[in-house]
Amino acid sequence: MNDSSWGAPHGAGYAGAWPPPDQGPLPAGPAYDGRDAQHTRPMPVVPDFPDAGRDAEDHSGGEHREDRDQGAARPGGPLFRDEMPQEPMPTPPPSGDPTPQPSARPGPPQKKRAGRDLRAAIGVGVGLGAVIVVSLFLVKAVFVGVIAVAVVVGLWELTSRLEERKQIKAPLVPLAVGGAAMVVAGYVRGAEGAWVAMALTALAVLVWRMTERPEGYLRDVTAGVFAAFYVPFLATFVALMLTADDGPERVITFLLLTVVSDTGAYAVGWRFGKHKLAPRISPGKTREGLLGAVSFAMAVGALCMQFLIDGGTWWQGLLIGLAVAVSATLGDLGESMIKRDLGIKDMGTLLPGHGGIMDRLDSLLPTAPVVWLLLVLFVGSG
């Protein structure tokens, strides 16, 4: 048979067995009429899968490709946004079976639960408090060392997260050395020593970063100077409090007010919180929690100023407590902004139930200069 017979009308070509034994599969052509039906092979039955016959559906009056793809992206969902899923009807038990079927209606709302391991958090908090109290009242210099260690660990956590999440390489070595020196200088030489150490630390960050390639230099040194101010410089004000004659009592007042403010905000907000304080920054904080922080801090501040601080009075404690509640809340929100920008929940995992060191310093760091300043204004530098 020649090639022209393939284009001939039906019946004008090969009249033998179909298809011819020496020919391959026929090319696509017009459909065959009923006279050739006995020569065709039956098509296998194809299961009706959602993706089967995609092109056929698109050209045979079925659903459009866009509609089908949208349906595949939301299996079992409503076809339109205004359709609400109906509550399934409970299945009646079969006849003769006295066992009732479970109801499809949801049960009563569950009680609120804390987001962290409270036992671990309390245990770590008690341990840290013991270390602080023992070092604070034993030898002042030992407590200065505790501050320096906390600063170095906090810098390590902050710079590590910056590099992991944003590829920002703030130089840790000059920050750690300068940060520890900043705390010691503040204790030995006062505020003037702290400022000088801060300036030298910033200069060391600029020079240290010059040993690497220039790409990202401005970004890295900016982060380094920010870290030097945020962690060690603010922590230096705790060492400045310690230089007074009643330095341990001032530090205890500062720590108590900050911890009580955080505790009051958590307790009142967890129990009564309904109105969000800053939902875009920290959805867990509420206005009721802020009121709890203010109330707790003012009450404890009045007691501390009346009985712990030489020359202090209760009304001064009320003002200090109010200022601490505000600064501690702003400090917590500030670190929440940093962690949201980095896309992390905690700065570290060093403290079970708390996160990292920076997760405990978030409200302490901005509160330290506020308490130091108000104590100097009310009772002097001591």
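# A guided tour, beginning at Asp359

At 2% relative accessibility, Asp359 counts as buried. Select this residue to begin, and keep in mind throughout that the model is predicted.

**Stop 1: Asp359 and its partner**

Now add Lys339 to the selection. Asp359 and Lys339 form a salt bridge, with 3.0 Å between the closest N and O atoms. Asp359 belongs to helix H10 (residues 357–361) and Lys339 to helix H9, so the salt bridge ties together parts that are 20 residues apart in sequence. Lys339 is buried because its relative accessible area is 11%, and buried means under 20%.

**Stop 2: Further salt bridges of helix H9**

Remain with helix H9 and select Asp332 together with Lys285. Their side chains meet in a salt bridge, 2.8 Å from N to O. This pair links distant parts of the chain, for Asp332 is in helix H9 and Lys285 in strand S2, 47 residues apart. Asp332 has a relative accessible area of 18% and is buried; Lys285 is likewise buried, with a value of 18%.

Next, select Asp341 and Lys166. These two residues form a salt bridge in which the closest N and O atoms are 3.3 Å apart. Asp341 lies in helix H9 (residues 314–342) and Lys166 in helix H4 (residues 140–166), so far along the chain that 175 residues separate them. Lys166 is partly exposed, at 34% relative accessibility.

How many salt bridges are there by this count? The count comes to seven. To view a network, select Arg209, Arg219 and Asp220, which are joined by salt bridges that share partners.

**Stop 3: The two strands**

Return to strand S2, which covers residues 282–286, and show strand S1 (residues 276–278) beside it. S1 and S2 run antiparallel and are joined by two bridges. A hairpin of three residues leads from S1 to S2.

Select Ser282, which is placed in S2. Which residue stands opposite Ser282? It is Ala278. Is Ser282 buried or exposed? Ser282 is buried, with a relative accessible area of 11%. Apart from neighbours within four places in sequence, Ser282 is in contact with Leu333, Ser336 and Arg340. As a general point for viewing strands, side chains in a regular strand alternate between the two faces of the sheet.

**Stop 4: A glycine in helix H8**

Move to Gly292, in helix H8 (residues 287–307). Gly292 is buried, with a relative accessible area of 5%. Now select Val268 as well: the C-alpha atoms of Gly292 and Val268 are separated by 5.5 Å, although the two residues are 24 apart along the chain. Beyond its neighbours within four places in sequence, Gly292 is in contact with Gly264, Ala265 and Val268.

**Stop 5: Aromatic rings in helix H6**

The count of aromatic pairs comes to six. One of them is formed by Phe229 and Phe233, a stacked pair with 5.4 Å from centre to centre and 25° between the planes. Phe229 and Phe233 are separated by about one helical turn because they are four residues apart in helix H6 (residues 217–242). Phe229 is partly exposed, at 39% relative accessibility, whereas Phe233 is buried, with a relative accessible area of 4%.

Add Phe237 to the view. The rings of Phe233 and Phe237 have centres 5.7 Å apart and planes at 85°, so this pair is edge-to-face. Phe233 and Phe237 also stand four residues apart in helix H6, which means about one helical turn between them. Both residues are buried. To complete the picture, select Trp195 and Trp372 too: with Phe229, Phe233 and Phe237 they form one aromatic cluster.

**Stop 6: A nonpolar patch on the surface**

Show the surface and select Val196, Leu200, Leu203, Leu206, Val207 and Met210. Together these residues make a nonpolar surface patch of about 550 Å². Val196 lies in helix H5 (residues 172–209) and is partly exposed, with a relative accessible area of 46%.

**Last stop: The whole protein**

Finally, clear the selection and show the entire chain. The protein has 11 helices and two strands, in the order α-α-α-α-α-α-α-β-β-α-α-α-α along the sequence. Buried residues account for 35% of its 382 residues. About 23,800 Å² is exposed, and carbon and sulfur atoms supply 65% of that area. Of the contacts between residues at least 6 apart in sequence, 65% join residues at least 24 apart.

Notes. Residues numbered from 1 in each chain as written. Predicted model: local features only at pLDDT ≥ 70, side-chain atom pairs only at ≥ 80, totals over all residues. Heavy atoms only, no water. Buried < 20%, exposed > 50% of the residue type's maximum accessible area, 1.4 Å probe, protein only. Contact = heavy atoms within 4.5 Å. Patch = residues over 30% accessible without salt bridge, like charges linked within 9 Å, V, L, I, M, F, W, Y side chains within 5 Å. Areas by Shrake-Rupley, 256 points an atom, 1.4 Å probe, with all protein chains shown as cover. Salt bridge = Lys/Arg side-chain N within 4 Å of Asp/Glu carboxyl O. Pairing = 2+ DSSP bridges. Phe/Tyr/Trp six-rings, centres within 6.5 Å; stacked < 30°, edge-to-face > 60°.
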